Amino acid sequence: MGITGEQIGPARSRERFLVGESAGAGVRGPILNSWLRCRLLGLSPDGTELPYRDDFDPDSRLVRAAAPVLDELESRFSGSRMNIALADADGTVLQRRFGDPSLARSLPPIQIVPGFVFAERFGGTNGIGLALAERGPVQVYGAEHFAERAQSNACCAIPIRDQISGRIAGVLCFGYPHAYERPSLAVLLRRAAGTIERRLTEQSSERERGLLRAYLDAEGRALTGGSGADAHDGHRTGPTGPAAPAGLDGLDGLDGLDGLDGLDGLAQLDGLDDLALDPHDQTILKDRATELISSSKRAAVAVALPHGRAATLLSRPVTSSSGVEGMVVEAVLSSDTPPVHHLSVAPRPGATRPVPPPAGPGAEPGPAPTEPEPTESESTGPAPAAGSRPGTVRGLVLVGEPEVGKYAIEARRRLELLAEASTRIGTTLDVGRTARELAEMAVPALADHVTVDLIGAVLRGDDPTDPRHGDDAAGPGTDLYRSVVHGIRDDCPFYPAGRVVRLHPGNPIMRCLTEGHTFLEPELKSAAGWIGQDPERARKVMACGVHSLIAVPLLARGVLLGIASFYRSQDPAPYGEDDSRLAQELAARAALCVDNARRYTREHALALTLQRSLLPRGLPEQGAVEVAHRYLPAESGVGGDWFDVIPLSGARVALLVGDVVGHGLHAAATMGRLRTAARNFAELELAPDELLTHLDNLLVRMDREEGGDHATGSTGIVGATCLYAIYDPTSRQCTMARAGHLPPALVRPDGTVTFPDLPAGPPLGLGGLPFETAEIELARDSTLVLYTDGLVEDRHRDIDVALELLRRTLAHPDRSPEETCQAVMTAMTPEHPSDDIALLVARTHTLPADRIATWDMPADPARVSAIRAAATRQLAHWGLEDVSFAAELLLSELVTNAVRYGTAPIQVRLIHDRTLICEVSDGSSTAPHMRRAANTDEGGRGLFLVAQLAQSWGTRYTPGGKVIWAECALDAG
């Protein structure tokens, strides 16, 4: 492009790059990527020969639109060493202007003669080629040029876009010595390009006005029956004379396009307003008229309107005086009293004009048609009443070129696609599913194949490191997973889903990841960076017809989550700017949904981790029941379901299930607090109704304490349900109480399944209401099944149906608790559970009578020795001589305390279970307390001795008094 001058730019970085070394951090990203593409294309810095084309159009629309702007720039840069170039969308130079005319005699031909192609694949890194590759404004300084011949140049370039189609029409480029560099040059370049773009659009407006003039002339001739051009009323939508040339000083003078109303490039009169149509009716007719214009066919189409009205749209070709071919669409409506309309054609009494016969695309417009006689297949409105002949009114709807109509239809379809995407993307809070919904939404409306690559941290719910900022220690793109591959065919050889994707630096998808910008590759066959990733695979992909690519970053809340790549194969047209913007809109919506899903995944994982950490990690050793359990979190959010198995004194065991209302971290934390409290209350040997009362009071206090957080978004504590049962294997008695919870299922040894009718009790958290207990005697090897409501309550299934299914599933007494758990979960759990499920299955055992010894004794200290001797004989019978000494001391202290401080009746009981349990009961409700005895005290050391000899000890209250118990480990000798 050059103007001679001193060498500038990162020369040393370029030298290192050319010898295969790293260029370093001093090279701008677009320049380095351009160098990489040049290397992949096999270009040589000293051998880049530019092709010449002699078939370019020197009088194209772009040249005509740019001519006055180039003239103004040439005048403004008069006397300077500025080289101004205008190139088309292929990089072919169409026009050159010089500030100093003498430059045209001193520069080589490629820098002065139009026709040379400066596309990057031929000329390497240069202003025109880089602007086309980057599809935006660029600047190239000195050694940043790839070719040796341009090392002393500086240039800035910007694409020129067709505002109607959205495609790049050409490039405007300034070449100059480095000393000319000013910030105002880039501003001037943008203003000049903007003026050319507006003049291109104005040309389309003038073409439409020509078609409009042709239509009005034809209307005038039809009304007067003559050929005078002035026979019509002359109403037009705007000025019809040619627009004045716009120079640099007039860049902002063209604010709108006269003669256009509504869709760009489609001229319309205000005839619809006078047809007594409301805006909704007009929109329906305009949309249908746009489709007729784009079809380029003569047609008469009946259109149903709201409120029982009907209109007929008539489309026919029209040709302007300058030879522009287009289509005109009129609306014909039936009306008993046609409104006055300066463009409507009221039928002459007793006369109608038939619809002209179809004509070829180049046919001259004939007389304007009126409403045809409705046929059964065409007319969708109500038929006129018998004996009446309604009048007709006719007005212009749209006039335009078919190609512009296609752009309008495409624009409307893009809006429809975005509207549909808002309802189809993000239907779940699953990251992978949301990514697939994006792909399914885009195929085939926008793309034929879509791949979605997500950063691994996003799939795990973590905060991803941003590759744009160099936060990834392992290097950008090392943690990129292919999540979705979706397309119109399954055999296109893209990298498959479920694997890590390793991308090369020059790949447009990699650039999209590291730079965070959308990259459009209209022609993949010339995309060296994409082909260089895997040449063999790229060849196979292109063999499937894939030819164009848009790579869009998935950005949400400033965080880069991954890349969505859209590929086209069926439509031969390459992707354009409008397609790129649509892809960005879809990706932006999907990215927000993916980020919401990621955040939910993280919170769900945290809540689930908390929930599982608060649930029992293992079941305690006890011989009263054989237990199995399951916990299944809800798909939509972790709740507050829990279960517990708590060994109690006297070989008893407590079984508990509960459910905190709500989901999320708050519910899980509340569950943990309730479970801890329940275990502590159970250690106090409270009866089931008393334990629920204490939990109820606790929940009321917690709710009251956290009530102040409601204003800051806390959900508060609404309540909880709970079922608490105590089973005694020595008597086979099960005592239960429930607080708003579902009753358990009881499976008897013969397979009969019942749901015991327990007093319901209020849910926890209401406060002030009593709870009741119920006692049931269980047969040996009965099974008790406790569960939360998520197992049987489902919006797709009645609870009675679910309970009956549970009954049938449990009616297999031969199953072990583990097998029963598995069978219940398989039969009962929905595919997508909306609530947590906790399941606890306990098969009861009975302690044999020969392992229990009981003695009643009077409150006489002299009988203590006899009880001690009887216990020693019983221990010998059980073969527990090793613990006999410790057991004698324990019984002696406990019996002595009962005789001295308790009341009758007094009973001593030994239980041979996993431990040796010594129990002494009496009629007093006063519990002994261990204290530290002074050196001078004669007593007070008995309970201290018990605590030292026993594995554990304590007191529990009964309706008839209390029981003091102590457990002695069987290996204690």
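Strand β24, residues 783-787, is mostly covered in this predicted model, with 5 of its 5 residues buried. The burial extends to both faces of β24: T783, V785 and Y787 lie on one side, L784 and L786 lie on the other, and each of these residues is buried.

Two strands pair with β24, as the following table sets out.

| Partner of β24 | Residues | Sense | Bridges | Facing residues |
|---|---|---|---|---|
| Strand β21 | 745-747 | antiparallel | 3 bridges | L746 opposite L784 |
| Strand β25 | 837-844 | antiparallel | 5 bridges | L840 as bridge partner of L786 |

L784 and L786, the buried residues on one side of β24, thus appear in both pairings: L784 stands opposite L746, and L786 has L840 in β25 as its bridge partner.

Attention now turns to the nonpolar cores. In soluble globular proteins, nonpolar side chains tend to be buried together. The largest nonpolar core of the model has 61 residues, and the members that touch the most others are L438, L446, L554, F566 and L586. Helix α15, spanning residues 577-614, supplies the largest share of this core, namely 9 residues.

Which residues does L554 contact, leaving aside its neighbours within four places in sequence? The contacts of L554 are L438, V452, L454, V559, L560, L561, G562, I563, A564, A587 and A591. One of these contacts, L438, is also listed with L554 among the core members that touch the most others.

Separate from this core is a second one, which comprises 56 residues and includes V653, L686, L699 and Y724.

Note on methods
Residues numbered from 1 in each chain as written. Predicted model: local features only at pLDDT ≥ 70, side-chain atom pairs only at ≥ 80, totals over all residues. Heavy atoms only, no water. Core = buried A, V, L, I, M, F, W, Y, C linked by side-chain atoms within 4.5 Å. Buried < 20%, exposed > 50% of the residue type's maximum accessible area, 1.4 Å probe, protein only. Helix = DSSP H or I, 4+ residues; strand = E, 2+ residues; numbered from the N terminus. Contact = heavy atoms within 4.5 Å. Pairing = 2+ DSSP bridges.
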